[in-house]
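Let's take a walk through this model together, starting with the whole fold and ending at single residues. Keep the view open beside you as you read.

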Amino acid sequence: SAAFSGASEPAAQAALRSLGFSEARFSSGYIISKPAKSPRLFWHYDWAGWDAPESFTVRPTPQLFFMYYLVNTTPHNGCLRVVPGSHVGDNDLIPLLDEAHAPELRAAENMDRPAFSDRPDEVNVCITAGDLLIGDSRLLHASHANESDERRTVITLWFHPDPQTFGGRLQAFCANMAAQPPKDWPADAREKVSEVLCRYDGDEEAWPWNRHRPFPAPVVE
């Protein structure tokens, strides 16, 4: 419920407006807890609409993540690793990757896979508890292992910035991603979240779910 309710918080909406997005819509939210002594997370993209031409433009970005870390986060306890610029540019790691969140990656049984590798162009993103990290869902990212004795927890919210500027098929795709508030919530809480969900009232068919970013990227006119 914390992940859902944060979507409509004034601070989150103000942060989106400060980036120039006046009509951002909520998609979903999760509480992600990385256990103590757990392995590193694999390199992946979270975006799953790679068939849409808008996936290869600098702006508007199709989807943003808001990460609220609940503890100070460093390489020692599993901070985020990112490849700057990978949200809009090709990278030689792309053709080496399996589908994001595939069972064999989640099992982390073969740490020699390219998805678990150190990259020469990676950057650590260290965070102070309570800070907000905003990122593009098309960004190549992973995390370090949590070598500490404590859990590393983050609340992640997903938004679609100004989806009314997308083509109809992408608007439909984003609307299909919207997670509905639980039915056992109080009516006023459900309404509060429903007001900020992504919707599409047209009749165009949504782009298919596709986590495989093409390489090289297509040229978009």
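We begin with the overall build, then turn to one strand and its partners, and finish at a residue elsewhere in the chain.

Please keep in mind that this is a predicted model. The protein chain contains five helices and eight strands. If you trace them from the N terminus, the order is α-α-β-β-β-β-α-β-β-β-β-α-α. The radius of gyration is 18 Å, close to the 17 Å that the globule rule gives for 221 residues, so the chain is as compact as a globular protein of that length. Measuring tape in hand, so to speak, you would find that the C-alpha trace spans about 45 × 45 × 30 Å along its principal axes.

How is the chain held against itself? Taking contacts between residues at least 6 apart in sequence, 87% join residues at least 24 apart. Of the 221 residues, 50% are buried. The area that the protein chain exposes comes to about 10900 Å², with carbon and sulfur atoms supplying 52% of it. As for charge, there are 20 positive and 30 negative side chains, and the centres of these two sets lie 4 Å apart.

Now let's find strand E8, which covers residues 152-160. How much of this strand is buried? Nine of its nine residues are, so E8 is largely enclosed by the rest of the structure. In a regular strand, side chains alternate between the two faces of the sheet. Here both faces of E8 are covered. On one side, Arg 152, Val 154, Thr 156, Trp 158 and His 160 are all buried, and on the other so are Thr 153, Ile 155, Leu 157 and Phe 159.

Which strands pair with E8? Strand E1, residues 25-34, runs antiparallel to E8 and is joined to it by nine bridges. Strand E3, residues 64-69, also pairs with E8 in the antiparallel sense, over six bridges. Ile 155 is a handy place to see both pairings: its bridge partner in E1 is Ile 31, while Tyr 68 stands opposite Ile 155 as well.

From Ile 31, let's move across to Val 123. These two residues are 92 apart in sequence and 23 Å apart in space, C-alpha to C-alpha. Val 123 sits in strand E5, residues 123-125. Is Val 123 buried, exposed or partly exposed? With a relative accessible area of 37%, Val 123 is partly exposed. Leaving aside residues up to four places away in sequence, Val 123 touches Leu 80, Arg 81, Val 82 and Pro 84.

Notes
Residues numbered from 1 in each chain as written. Predicted model: local features only at pLDDT ≥ 70, side-chain atom pairs only at ≥ 80, totals over all residues. Heavy atoms only, no water. Helix = DSSP H or I, 4+ residues; strand = E, 2+ residues; numbered from the N terminus. Rg over C-alpha atoms; globule rule 2.2 N^0.38 Å. Buried < 20%, exposed > 50% of the residue type's maximum accessible area, 1.4 Å probe, protein only. Contact = heavy atoms within 4.5 Å. Areas by Shrake-Rupley, 256 points an atom, 1.4 Å probe, with all protein chains shown as cover. Lys, Arg positive; Asp, Glu negative; His and termini not counted. Charge placed at Lys NZ, Arg CZ, Asp CG, Glu CD. Pairing = 2+ DSSP bridges.
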